[in-house]
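Colleague: I should like to go through this model with you. Please take my questions in turn and explain the reasoning behind each reply.

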Amino acid sequence: MSQRYTLKNKVGINGLGAGVWNLGPGGDPFGGPTREAIPVLDRLPMLAEAGMSFYEAHDHEIPAEDAPRAVKIAKANGLKCAMYTPSFFADPIFKDGGMTNNDAAIRKTALENAKRAVDTTVVLGAKTMVFWNGREGFDFMLAKNGRDAFKRLVEGFNKVGQYAKEKYGSKIRFALEPKPNEPRANMYLANVGEVLYLISRLDENVQPLFGVNPETAHSRIAGLDYVWDIELCLEAGKLFHIHLNAQDGQRYDQDLPFGYTEPLKDLALLVVLQDAKYKEIICFDVKAPRTDEQKNIADILHVSSKNLIWLWERALAVDRKKIEQFRAEKRATALAGYLAGCLYGK
Ligand SMILES: [Mn+2]
């Protein structure tokens, strides 16, 4: 069995995860693939080989009929499914959204897909199903009634939650992943605050099943701070899952290696996660860049994992009493200097 990356003294579930889509063929909106597409199930052993303990997949990558094969391959490679997610964005039928589509028949199809994805999540043995807001949004003013769209999200998640609860009790939890834009100009559930507000509007009997899957780069695309976004999820008791990566400013979604662009912020984030005793799985959403060759496709997973491990260990060494002291002395700049020292090894 290949070696797996683990985090020292991590509370709860240890081992790291990544998406099967992270090992894609390198296409972008301006050009086709630069590498041969690897069949999705063949990517499972590659994730294990790259030190991952968990994989993640969309329903268009591992459809229900492939799930039993995925279970076998994962087991043979010592890999578990961290989360499964219905793709309300890939199929052209959802070009204007699933749950928020103006067409009632398409909303119904979206709901059916979501229910099927709940069943597949159970088959794959994952405990979390993620919803990413992909096409839930608008490009043109008044193309949708925003108030109705929000109510449709509430209604849709209530129904999916009810379905899961009746069939599986509290076995499956849902983590909603916010993103402000791309592929739509404006996306509903743009940030952590909007997701928490939506959860607050769900039926009380399904509300405990719903939480957040914040992604560090998505916060940055929105111009927000991901440390605070994640602290807010923790304060609400809703940090059900996490996607770590990096982003070089407010531009298209880059899914860069974790720890690459803002290591000091990442160090602070890990201090927050350690102090909160975050016990869920830590996953990357990083994309093998178009310029990397096939033989090096997993480099991004190794770079992300090593950066995470280094920063995690530096975060363990951060003196919490010193943080308290700097706060008491109102010395925020000195605190910044202290953290930089922890980061650079002084
Ligand atoms: Mn993600």
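The exchange below concerns a predicted model.

Colleague: What radius of gyration does the chain have, and how does this value stand against that of a compact globule?

Modeller: The chain contains eleven helices and ten strands, and its C-alpha trace spans about 60 × 45 × 45 Å along the principal axes. For 346 residues, a compact globule would have a radius of gyration near 20 Å. The value for the chain agrees with this, being 20 Å.

Colleague: Is strand S2 largely enclosed or open?

Modeller: One side of S2 carries Phe54, Glu56 and His58, the other carries Tyr55 and Ala57, and all of these are buried. Because five of the five residues of S2 are buried, the strand is largely enclosed by the rest of the structure.

Colleague: Which strand is joined to S2 by five bridges?

Modeller: S2 has parallel pairings to consider. Three bridges join strand S1 (residues 16-19) to S2, with alanine 18 having tyrosine 55 as its bridge partner. The chain passes from S1 through helix H1 (residues 43-49) to S2 in a right-handed β-α-β crossover. The five bridges, with phenylalanine 54 opposite lysine 80, join S2 to strand S3 (residues 80-85).

Colleague: What is the handedness of the crossover from S2 to S3?

Modeller: After S2 the chain passes through H2 before it reaches S3. This β-α-β crossover is right-handed.

Colleague: Does isoleucine 62 count as buried or exposed?

Modeller: Isoleucine 62 lies in the loop between strand S2 (54-58) and helix H2 (67-76). Apart from neighbours within four places in sequence, its contacts are Val40, Ala57, Ala67 and Ala70. A residue needs 20 or more C-beta neighbours within 10 Å to be buried. Isoleucine 62 has 24 inside 10 Å, and therefore counts as buried.

Colleague: Which residues of the largest nonpolar core touch the most other members?

Modeller: In soluble globular proteins, nonpolar side chains tend to be buried together. The largest nonpolar core here has 90 residues. Cysteine 283 touches, among others, Leu16, Ala18, Phe54 and Ile242, leaving out residues up to four places away in sequence. The members that touch the most others are Met52, Tyr55 and Cys283.

Colleague: How far apart are the end C-alpha atoms of helix H8?

Modeller: Helix H8 (residues 263-275) has 13 residues, which at 1.5 Å a residue should span 18 Å. The distance between its end C-alpha atoms agrees with that expectation, at 18 Å.

Colleague: Which helices do the buried residues of H8 pack against?

Modeller: The buried residues of H8 are Asp266, Leu267, Ala268, Leu269, Leu270, Val271 and Leu273. They pack against helix H7 (226-235), helix H9 (299-317) and helix H11 (332-344).

Colleague: Where is the cis peptide bond that has an omega of about 10°?

Modeller: Most residues other than glycine have a negative phi, and most peptide bonds are trans. Proline 183 is found in the loop between strand S6 (173-177) and strand S7 (186-187). The cis bond joins glutamate 182 and proline 183.

Colleague: Does lysine 330 count as buried or exposed?

Modeller: Lysine 330 lies in the loop between helix H10 (320-328) and H11, and has a positive phi of about 60° although it is not a glycine. The limit for an exposed residue is 12 or fewer C-beta neighbours within 10 Å. Lysine 330 has 9 inside 10 Å, so it counts as exposed.

Note on methods. Residues numbered from 1 in each chain as written. Predicted model: local features only at pLDDT ≥ 70, side-chain atom pairs only at ≥ 80, totals over all residues. Helix = DSSP H or I, 4+ residues; strand = E, 2+ residues; numbered from the N terminus. Contact = placed C-beta atoms within 7 Å. Pairing = 2+ DSSP bridges. Right-handed = clockwise from strand over helix to strand, strands pointing away. Core = buried A, V, L, I, M, F, W, Y, C linked by C-beta atoms within 7 Å. Expected span 1.5 Å × (residues − 1). Rg over C-alpha atoms; globule rule 2.2 N^0.38 Å.
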